[in-house]
Amino acid sequence: MWFVFALLTTFAWGGADLFYKRGTDSNDPYSHLKIVVMVGLVMGIHATAYMLIKGLTFDPIDLVKYLPVSAFYILSMAIGYVGLRYIELSIASPVQNSSGAITAILLFIFFPRELGIMHIVGVVIVSLGVIGLAILEKRAETAELRANNVHIDKKYQISFLAITFPIMYCILDGLGTFADGIYLDELKLISEDAALIAYEYTFLICAVASYVFLKFIKNEPFQIFRERDKGCAAILETAGQFFYVFAMAKNAIIAAPLIASYSIVSVILSRIFLKEKLSKQHYAVIVFVMIGIALLGLADEL
């Protein structure tokens, strides 16, 4: 069942990436905080509804216990939101989601286990495919900028600063997912329900702090119900988080790189809706990654 949860997370977060990009204003220095507000608001609503529907009680100590994982995730996401103002989604997403390979390696080093050959091959294919996609995108974008001596929107510019954001995201998210694997799968330090609610309420706290900063310190105009793209991104992000927790709790070392392949969904959607180009090489890499995903699914059934 973890494989189904991982796939659902992949599709949800791939769609969220598209709306993150659409909702990002390269001229708005606070766009990342506005996304934090929207995501935190939706997550807070979901956490409350989830508790009421399942009849759960939330122990505040879980929020503190899970804080190291939440901190890594939320910080990495905020950095990723900033980076979207300066770099194309098709480049940012694959670089960011190389974190899945980092997580798998760390988990294997610190918590070695026997893996079947199909699991190993599947993880390697998916990880190499995601990294290869990032390389292809960087080359294509650089060639296009050189060929067309025209003004490029700031959110599509490539520079050392721009590429730094997804790299920082990759490292922080990789460490967060590694910590999540320890908490949920390896040492069972917290239950799936408690982890989900703790994370979503932590994000809600960050959202409230960001909203107070925007409205009462910076006097920034921000109408929540008019932020449709950010709202759609927040809903998909929350849906992905729901499935993600259960996938990681069952098979973190394999689920992490598989979920990281949601950059493939992001790239396809960015080509369809944001009119970013997709070459034959890109299609080849996408097929390559899909083969890896299929191997992981088959290995799970054997």
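Start with Asp28: at 9% relative accessibility this residue counts as buried, where buried means under 20% relative accessible area, exposed means over 50%, and partly exposed covers what lies in between (1.4 Å probe, protein chains only). Before going further, keep in mind that this is a predicted model, so local features need pLDDT of at least 70 and side-chain atom pairs count only at pLDDT 80 or more, while totals for chains, interfaces and linings use all residues. Residues are numbered from 1 along each chain as its sequence is written, and side-chain values use heavy atoms, with hydrogens and water left out.

What does Asp28 pair with? The side chain of Asp28 meets that of Lys34 in a salt bridge, 2.9 Å from N to O. The term stands for a side-chain nitrogen of Lys or Arg within 4 Å of a carboxyl oxygen of Asp or Glu. Lys34 is buried too, with a relative accessible area of 6%. Lys34 also forms a salt bridge with Glu220, at 3.2 Å from N to O. Glu220 sits in the loop between helix H9 (192-217) and helix H10 (228-260), and Lys34 sits in helix H2 (residues 31-54), so this pair ties together parts that are 186 residues apart in sequence. Glu220 is buried as well, its relative accessible area being 17%.

Helices H9 and H10 come up again with Glu192 and Lys250, whose side chains meet in a salt bridge of 3.7 Å, N to O. This pair links distant parts of the chain, with Glu192 in helix H9 and Lys250 in helix H10, 58 residues apart. Lys250 counts as exposed, at 53% relative accessibility. Back at the buried trio, salt bridges that share partners join Asp28, Lys34 and Glu220 into one network. The structure holds seven salt bridges.

Now zoom out to the fold. The protein has 12 helices and zero strands; both are DSSP runs numbered from the N terminus, helices being H or I with at least four residues and strands E with at least two. Buried residues make up 56% of the 302 residues. Contact here means heavy atoms within 4.5 Å, and among contacts between residues at least 6 apart in sequence, 90% join residues at least 24 apart.

On the outside, the accessible surface comes to about 13700 Å², and 69% of it belongs to carbon and sulfur atoms. Those areas come from the Shrake-Rupley method with a 1.4 Å probe, and for residues only the protein chains shown count as cover. Which residues form a nonpolar patch there? Ile117, Ile120, Val121, Val124, Leu128 and Phe288 do, with about 520 Å² of accessible area together. Patches are made of residues with over 30% relative accessible area and no salt bridge, joining like charges within 9 Å and nonpolar side chains (Val, Leu, Ile, Met, Phe, Trp, Tyr) within 5 Å. Helix H7 (residues 117-147) gives the most to this patch, with five residues. Ile117, one of the patch residues, lies in that helix and is exposed, with a relative accessible area of 62%.

Last, the cysteines. A search of the whole structure finds zero disulfides, the test being a pair of cysteine sulfur atoms within 2.5 Å. Cys206 is partly exposed at 27% relative accessible area, and Cys232 is partly exposed at 31%.
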